Amino acid sequence: MSPTPPTNGISIVIPCLNEKETIERAVQLSLEGIHRSNRPGEVIVADNGSTDGSVELATKAGAKVISVPRKGYGAALDGGIRAANFEAVVFADADLSYPLEDSAILVSAFENRSLDLVLGSRLRGKIERGAMPFLNRHFGTPILSALIRWTYGLPTSDCNSGMRCFRRSRYTSLGLSCPGMEFASEMLVKAALAGWKYSEVGIDFRKDQRTRPPHLKRWRDGWRHLRFILGHAPSRGLIIFPALLGSLLLIVADALSFSISVRGREVIYFHTAFVAIAAAVPLLLFSSVNVVARFSFGEGRRGTGPLLDTLQNLSDRAVFFYCGVILYFLCGVEIFMMFYKWSKVGFGDLFAISNSIRLMVDSTAATLLIATDVAMNLVRINSNPS
């Protein structure tokens, strides 16, 4: 058993992959934050294979640099955190968007209130104009945060924040294993499941000071966050709710198969019934696939074989996700075409059986792909415990 880290200092961890433009200043601001806290401390730069001189610049600025061979944002952070020598660990990105000089604010809240995890919320602080993309700020992050609040009961407002403070002595008990950007959601989900005491403080968020594009891939990484959140949700999120909703839609579709009298004539709303079936079948399929994944590969059992390896490889490359998105887009096109045809006949009798059939096929195939991706993520996590 490793000795308990000293409780009176701060370890600031910064992941790094070719950050020569900003890493030196990031280390300097971190040291300034430690100085402001009137505590001892260290700055750890977790290097993920930089080839641009970042390591030399970080060392020159006063950081302890460790090499993390396993690739990915989460892998780099995990390596840096495990190398920390103090109980209070703060991590933040190297792009100078987070206020590293104000690390003491998080540490003070962490210590004064006996918390396990304090998150620096950008949405509760001041966001510099242009620092956060519109979709991320108003849709992606709020929706994912709301999903975590509803599913896990953790009162987070900014689940994607890259600045946090937590207890080093409790970190390994979480068993974090995601190597990519979804590490941020994994930490919150597993902290909630472990009953960690959690709170937030508002922080200022500045524009990325680098001239190169960020490592973050908005759609791919956003899906990985959502996939992880769904994959660890209680059964109501992945199995019960989709099954109940799908069953309800089938009942609605069945009811719509009977003719009713409208303005003196018999009408059957079979197109509406088709749409209800097109929504119901994928929901039931999604529920079924995740029943299989949860009970076949749960509890740490390892799935093996060439088919599973192939599916896992496709999932890792986001093939299922992108194909599913394309098919969902085609579903939207079919719904639009049905509505357009309906409007052309004055919203009277409609004959669009071919559109309805394509809608059913596309929606079912798309959801099978997405459900398979979620299932493969469960297999990967259970097959690679930390």
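Let's start at one spot on this predicted model: S114 has a relative accessibility of 41%, so it counts as partly exposed. You'll find S114 in the loop that runs between α4 (103-112) and β5 (117-121). What is the phi of S114? It is positive, at about 50°, even though S114 is not a glycine. That is worth a second look, because most residues other than glycine have a negative phi. N18 does something along these lines too: it isn't a glycine, and its phi is positive at about 55°. N18 sits in the loop between β1 (10-16) and α1 (23-37), and with 26% relative accessibility it counts as partly exposed.

Now zoom out. The chain is built with 13 helices and 9 strands. Of its 386 residues, 48% are buried. Take the contacts in the chain with a separation of 6 or more: 77% of them come from residues 24 or more positions apart. On the outside, the accessible surface comes to about 18400 Å², and carbon and sulfur atoms account for 62% of that.

Let's go inside next. Helix α3 (residues 73-82) is largely enclosed by the rest of the structure, because 8 of its 10 residues are buried. Among those buried residues are Y73, L77 and I81. Another buried residue is S103, whose relative accessible area is 0%. S103 belongs to helix α4, and a polar atom of its side chain lies 2.7 Å from the backbone oxygen of L100. Which residues does S103 touch, once its neighbours within four places in sequence are set aside? They are I12, V90 and M163.

Cysteines are worth a quick stop as well. C16 is buried at 2% relative accessibility, and C165 is buried at 0%. How many disulfides does the structure hold? The count is 0.

On to charges. Side chains of opposite charge can pair when their charged atoms come close. A search of the whole structure turns up 16 salt bridges. One of them joins E19 and R212, with the closest N and O atoms 2.8 Å apart. E19 is in the loop between β1 and α1, while R212 is in the loop between β7 (198-202) and α8, so this pair ties together parts that are 193 residues apart in sequence. Is E19 buried or exposed? With a relative accessible area of 5%, E19 is buried, whereas R212 is partly exposed at 21%.

D95 and R210 make a salt bridge too, their closest N and O atoms being 3.7 Å apart. Here D95 comes from the loop between β4 and α4 and R210 from the loop between β7 and α8, so the pair ties together parts 115 residues apart in sequence. Through shared partners, salt bridges join E19, D95, D208, R210 and R212 into one network. Yet another salt bridge pairs R167 with E87, at 3.9 Å between the closest N and O atoms. That one links strand β6 (residues 164-167), home of R167, to the loop between α3 and β4 (88-91), where E87 sits, 80 residues apart.

Finally, back to the surface. F134, L135, F139, I143, W219 and Y322 form a nonpolar patch there, together offering about 680 Å² of accessible area. Which helix gives the most to the patch? Helix α5 (residues 134-152) does, with 4 residues. W219 comes from helix α8 (residues 218-231), and its relative accessible area of 58% makes it exposed.

Notes: Residues are numbered from 1 along each chain as its sequence is written. This is a predicted model: local features need pLDDT of at least 70, side-chain atom pairs count only at pLDDT 80 or more; totals for chains, interfaces and linings use all residues. Side-chain values use heavy atoms; hydrogens and water are left out. Buried means under 20% relative accessible area, exposed over 50%, partly exposed in between (1.4 Å probe, protein chains only). Helices (H or I, at least four residues) and strands (E, at least two) are DSSP runs, numbered from the N terminus. A disulfide is a pair of cysteine sulfur atoms within 2.5 Å. Contact means heavy atoms within 4.5 Å. Accessible areas come from the Shrake-Rupley method with a 1.4 Å probe; for residues, only the protein chains shown count as cover. Patches are made of residues with over 30% relative accessible area and no salt bridge: like charges are joined within 9 Å, nonpolar side chains (Val, Leu, Ile, Met, Phe, Trp, Tyr) within 5 Å. A salt bridge is a side-chain nitrogen of Lys or Arg within 4 Å of a carboxyl oxygen of Asp or Glu. A polar contact is a pair of N or O atoms within 3.5 Å; within protein, one must be able to donate a hydrogen and the other to accept it, and residues adjacent in sequence count only if both atoms are side-chain atoms.
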